[in-house]
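This report examines a protein and the nucleic acid bound in the same model. It takes the protein–DNA contacts, the helix packing and the relation of the chains in turn.

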Protein chains: 2
Amino acid sequence: MREKLPPQRERAAAALSARATATRQRILDAAFVEFAEKGLAGARVDEIAARAGANKRMLYAHFGAKEALWLEVLETAYAAKRAEERAVEVADLPPAEAMAKLVAFNLRYVARHPEFLAILHQENLHRAAYLASSARVRALYSPLLESLRAVLARGEAVAIFRAGVDPVQLYVSMLGLSHFHLANRHTLSTIFGTAMDTEAAIAAREAHIIAVVLGYLRP
Amino acid sequence: MREKLPPQRERAAAALSARATATRQRILDAAFVEFAEKGLAGARVDEIAARAGANKRMLYAHFGAKEALWLEVLETAYAAKRAEERAVEVADLPPAEAMAKLVAFNLRYVARHPEFLAILHQENLHRAAYLASSARVRALYSPLLESLRAVLARGEAVAIFRAGVDPVQLYVSMLGLSHFHLANRHTLSTIFGTAMDTEAAIAAREAHIIAVVLGYLRP
DNA sequence: GCGGCAGGTAACCGTTCAGTTACCTCAGGG
DNA sequence: CCCTGAGGTAACTGAACGGTTACCTGCCGC
């Protein structure tokens with residue numbers, strides 16, 4: 001009766017034993033890697049189980065279906081990013097420095113977690129169908145966007161930034177400037193013949209996108 | 001002997017009949033749609049054949065394998081973009097207007113062809129393995145990058161643009177500003193609750209990214 | 001007007017995959 | 001110490017998939 005019979009989200013209650021929790025976590029981690037590497041359709045359930053040092057029985061006991069596991073991975077990926085965002089403190093910094101920190105954070109985050117990009121793109125391929133079904137993620141409003149709004153207002157107030165900047169547009173721009181370089185690092189480096197994910201390339205990119213954002217924001 | 005036996009790229013010579021060419025083209029078009037919608041792993045060969053109003057026999061006769069068809073689609077997608085880029089004429093425009101036109105072109109192109117983004121991301125998921133094997137695409141250097149270099153130099157010469165801007169970085173930024181908004185339109189609109197692919201949203205985005213690029217370029 | 005063959009059809013094949021079942025193991029409470 | 005059931009194993013299943021084969025058709029040169 002515990003598992004699956006009620007089609008609702010399983011095991012909200014029913015605290016798991018330490019061993020079970022560990023197995024569940026290993027499966028989730030393995031799924032994250034496999035999905036990021038091969039996408040939802042390309043990922044293999046057997047491979048996930050093998051990577052996790054578990055097997056399919058346990059995978060299905062914990063998650064019920066490949067797609068449910070995908071949703072869990074997606075939620076985890078978003079939650080992890082939001083959690084790191086929450087740790088970015090910019091309220092004490094002068095506006096320009098604060099803005100630079102926000103921009104750099106995004107670039108560095110995706111450089112550290114390129115799998116996040118892969119998951120995100122896959123989900124967009126599915127027209128965000130799984131994301132749409134996740135109340136949990138939709139409730140996870142970006143702390144970064146809020147910080148950006150505040151910094152923008154502060155900078156505008158002291159006339160360091162131009163007036164009338166739309167925070168959402170700027171937020172999307174900030175993400176775009178960071179993501180594209182890394183999301184397309186393989187095609188870019190094939191075409192330009194230079195690696196995009198070395199520390200040097202990332203540092204150069206960081207300097208550039210900070211210059212773009214701050215250059216734009218000048219009054 | 002005609003097909004497949006030599007493992008080289010098939011049918012370079014051997015002009016096809018009009019009917020065969022048409023079938024081949026229909027299969028290619030159908031594959032483009034199917035691959036863009038579901039990715040390489042998610043796409044179904046039967047579905048491609050059905051969409052094309054053909055069948056698998058012909059698909060395999062013309063392309064030999066699903067992956068070879070993918071490569072063909074990828075090459076076609078790149079070639080199509082490069083061809084449209086070649087038609088963008090900016091040499092006669094003042095630097096700022098020329099730059100705005102280049103930026104707008106990219107946004108409008110991906111808005112018109114969101115499938116291009118899907119193909120591009122899939123290829124990056126595969127670490128550009130297929131692209132790497134395509135001498136044809138690697139030879140297709142972007143005319144847009146060349147235009148951008150020229151415009152940048154012109155603007156710098158008359159002190160309308162700041163000095164020392166790296167054209168490749170700016171090119172990547174231009175693409176990032178355009179692509180992200182549309183590549184992630186489904187997750188973005190799920191999270192923000194507003195559609196990203198309406199004409200109004202695209203026009204607003206266009207105005208913003210032009211402002212960002214030109215704002216940055218001010219000396 | 002007919003023989004050959006490029007172009008097309010559809011049934012088929014072996015493999016792979018998501019998901020299931022039958023069974024084992026072993027910790028812990030009675 | 002043995003019984004119970006949660007946690008785990010591995011073999012299995014039916015369907016779907018990529019790719020192939022055996023066969024049909026109608027156009028074109030002769």
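In this predicted model, the side chain of Arg44(B) places an N or O atom 3.1 Å from a phosphate oxygen of DNA strand D. Tyr60(B) also addresses the phosphates of this strand, with a polar side-chain atom 2.5 Å from a phosphate oxygen. Lys56(B) reaches a base instead: an N or O atom of its side chain is 2.4 Å from a base oxygen of DNA strand D. Both chains contribute to the surface near DNA strand D, and the elements that give two or more residues to this surface are helix 1 (18-42) and helix 3 (56-63) of chain A, with helix 2 (45-51) and helix 3 (56-63) of chain B.

In total, 16 residues surround DNA strand D, and the closest are Asn55(A), Arg57(A), Lys56(B), Tyr60(B) and Lys66(B). Of the atoms of DNA strand D that come within 4 Å of the protein, 55% belong to sugar and phosphate. By residue class, the surface near DNA strand D comprises seven charged, six nonpolar and three polar residues.

DNA strand C is likewise surrounded by 16 residues, of which Arg44(A), Lys56(A), Tyr60(A), Thr23(B) and Asn55(B) come nearest. Sugar and phosphate make up 57% of the atoms of DNA strand C that come within 4 Å of the protein. Three contacts to phosphate oxygens of DNA strand C can be named in chain A: polar side-chain atoms of Arg44(A) and Lys66(A) take part in two of them, while Val45(A) uses a backbone N or O atom. The elements that supply two or more residues to the surface near DNA strand C are helix 2 (45-51) and helix 3 of chain A, along with helix 1 (18-42) and helix 3 of chain B. This surface, too, holds six nonpolar, three polar and seven charged residues.

The table lists the polar contacts described above.

| Residue | Protein atom | DNA atom | Distance |
|---|---|---|---|
| Arg44(B) | side-chain N or O | phosphate oxygen, strand D | 3.1 Å |
| Lys56(B) | side-chain N or O | base oxygen, strand D | 2.4 Å |
| Tyr60(B) | polar side-chain atom | phosphate oxygen, strand D | 2.5 Å |
| Arg44(A) | polar side-chain atom | phosphate oxygen, strand C | 2.9 Å |
| Val45(A) | backbone N or O | phosphate oxygen, strand C | 3.0 Å |
| Lys66(A) | polar side-chain atom | phosphate oxygen, strand C | 3.0 Å |

The relation between the two protein chains is considered next. A turn of 180° with a shift of 0.0 Å along the axis lays chain A on chain B with an RMSD of 0.0 Å. The two chains are therefore related by a two-fold axis. Both copies use the same surface, since 98% of the contact residues of chain A recur in chain B.

Chain A contains 12 helices and zero strands. Its C-alpha trace spans about 65 × 45 × 30 Å along the principal axes.

Within chain A, helix 6 (residues 114-125) packs against helix 10 (residues 167-183) at an angle of about 95°, and their axes are 10 Å apart. Because the angle falls in the range of 65 to 115 degrees, helix 6 of chain A is roughly perpendicular to helix 10 of chain A. Helix 6 of chain A enters this contact through Phe116(A), Leu117(A), Leu120(A) and His121(A), and helix 10 of chain A through His179(A), Leu182(A) and Ala183(A). The residues of this contact comprise five nonpolar, two polar and no charged.

Terms used: Residues are numbered from 1 along each chain as its sequence is written. Chains are lettered from A and ligands numbered from 1 in the order in which they are written. This is a predicted model: local features need pLDDT of at least 70, side-chain atom pairs count only at pLDDT 80 or more; totals for chains, interfaces and linings use all residues. Side-chain values use heavy atoms; hydrogens and water are left out. A residue is near a molecule or strand if one of its heavy atoms lies within 4 Å of it. A polar contact is a pair of N or O atoms within 3.5 Å; within protein, one must be able to donate a hydrogen and the other to accept it, and residues adjacent in sequence count only if both atoms are side-chain atoms. Helices (H or I, at least four residues) and strands (E, at least two) are DSSP runs, numbered from the N terminus. Ala, Val, Leu, Ile, Met, Phe, Trp, Tyr, Cys and Pro count as nonpolar, Asp, Glu, Lys and Arg as charged, and the others, Gly among them, as polar. Axes are lines fitted to C-alpha atoms, for helices over the stretch in contact, and angles run from 0 to 180 degrees between N-to-C directions. Angles under 35 degrees count as roughly parallel, over 145 as roughly antiparallel, 65 to 115 as roughly perpendicular and the rest as oblique. Contact means heavy atoms within 4.5 Å. Copies are superposed by least squares on the C-alpha atoms of residues with pLDDT of at least 70 in both.
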